[in-house]
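Work through the exercises below with the sequence and the model open. Try each task before reading its solution.

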Amino acid sequence: ETGCLAGLVLLSLILPLMLSGRLPRKECARRACFWTVGPGQALLGLAAAWILFSPGVAPFALAFGVGSCAMSAVALQRQLQGRSLGTTD
């Protein structure tokens, strides 16, 4: 269970680092990107709480955390690509 928690801690760095590398200049675009990062971080926190309160299901909670982080990363990447190309406001 300790390894699963350590993995979730490392996963929690992915979304903020993705955003900090290409943070949009417009305030509304920045706010929209934060609304993508926030739920991703919340789902990782939920997976960590799941591991803490029910250690027997740690591998499933880790899989849930990896899946939610991957989906949030894909959504954020699409948002950042659209912002950099100027196709969305």
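**Exercise 1. A serine and its surroundings**

Find the element that holds serine 68, decide whether serine 68 is buried or exposed, and list its contacts beyond four places in sequence.

Solution. The model is predicted. Start with the element: serine 68 sits in helix 4. Next, take the accessibility. The relative accessible area of serine 68 is 3%. Buried means under 20%, so serine 68 is buried. Last, look for contacts. With residues up to four places away in sequence set aside, serine 68 touches Leu43 and Leu44.

**Exercise 2. A threonine**

Do the same for threonine 36: element, burial and contacts.

Solution. Threonine 36 belongs to helix 3. Its relative accessibility is 15%. The cut-off for buried is under 20%, so threonine 36 counts as buried. Now the contacts, again not counting residues up to four places away in sequence. Threonine 36 touches Ser72, Ala75, Leu76 and Gln79.

**Exercise 3. The nonpolar cores**

Which residues make up the largest nonpolar core, and which helices each supply at least two of them?

Solution. First, collect the members. The largest nonpolar core has 9 residues in all: Cys4, Leu8, Leu11, Leu44, Ala47, Ile51, Ala58, Ala61 and Cys69. Then assign them. Helix 1 (2–11), helix 3 and helix 4 each supply at least two residues of this core. Another core, of 7 residues, lies apart from it; Cys33, Val37, Ala73 and Leu76 are among its members. Finally, zoom in on alanine 61. Leaving aside neighbours within four places in sequence, alanine 61 is in contact with Ala47, Trp50 and Ile51.

**Exercise 4. The nonpolar surface patch**

Name the residues of the nonpolar surface patch, and say which helix gives the largest share.

Solution. The patch is made by Leu43, Leu46, Trp50, Phe60 and Phe64, and covers about 480 Å². Helix 3 (27–53) and helix 4 (58–85) each supply at least two of its residues. The largest share, 3 residues, comes from helix 3. Check one member. Leucine 46 lies in helix 3. Leucine 46 has 49% relative accessibility, and exposed means over 50%, so leucine 46 counts as partly exposed.

**Exercise 5. Confidence**

Which element of the protein chain has the lowest mean pLDDT, and which the highest?

Solution. Begin with the chain. The average pLDDT is 84, and 92% of the residues score at least 70. Now compare elements. Helix 2 (residues 14–21) has the lowest mean pLDDT, 84, and helix 1 the highest, 88. Where pLDDT is low, the predicted coordinates should not be read in detail.

Technical notes:
Residues numbered from 1 in each chain as written. Predicted model: local features only at pLDDT ≥ 70, side-chain atom pairs only at ≥ 80, totals over all residues. Heavy atoms only, no water. Patch = residues over 30% accessible without salt bridge, like charges linked within 9 Å, V, L, I, M, F, W, Y side chains within 5 Å. Areas by Shrake-Rupley, 256 points an atom, 1.4 Å probe, with all protein chains shown as cover. Salt bridge = Lys/Arg side-chain N within 4 Å of Asp/Glu carboxyl O. Buried < 20%, exposed > 50% of the residue type's maximum accessible area, 1.4 Å probe, protein only. Core = buried A, V, L, I, M, F, W, Y, C linked by side-chain atoms within 4.5 Å. Contact = heavy atoms within 4.5 Å. pLDDT = per-residue confidence, 0-100.
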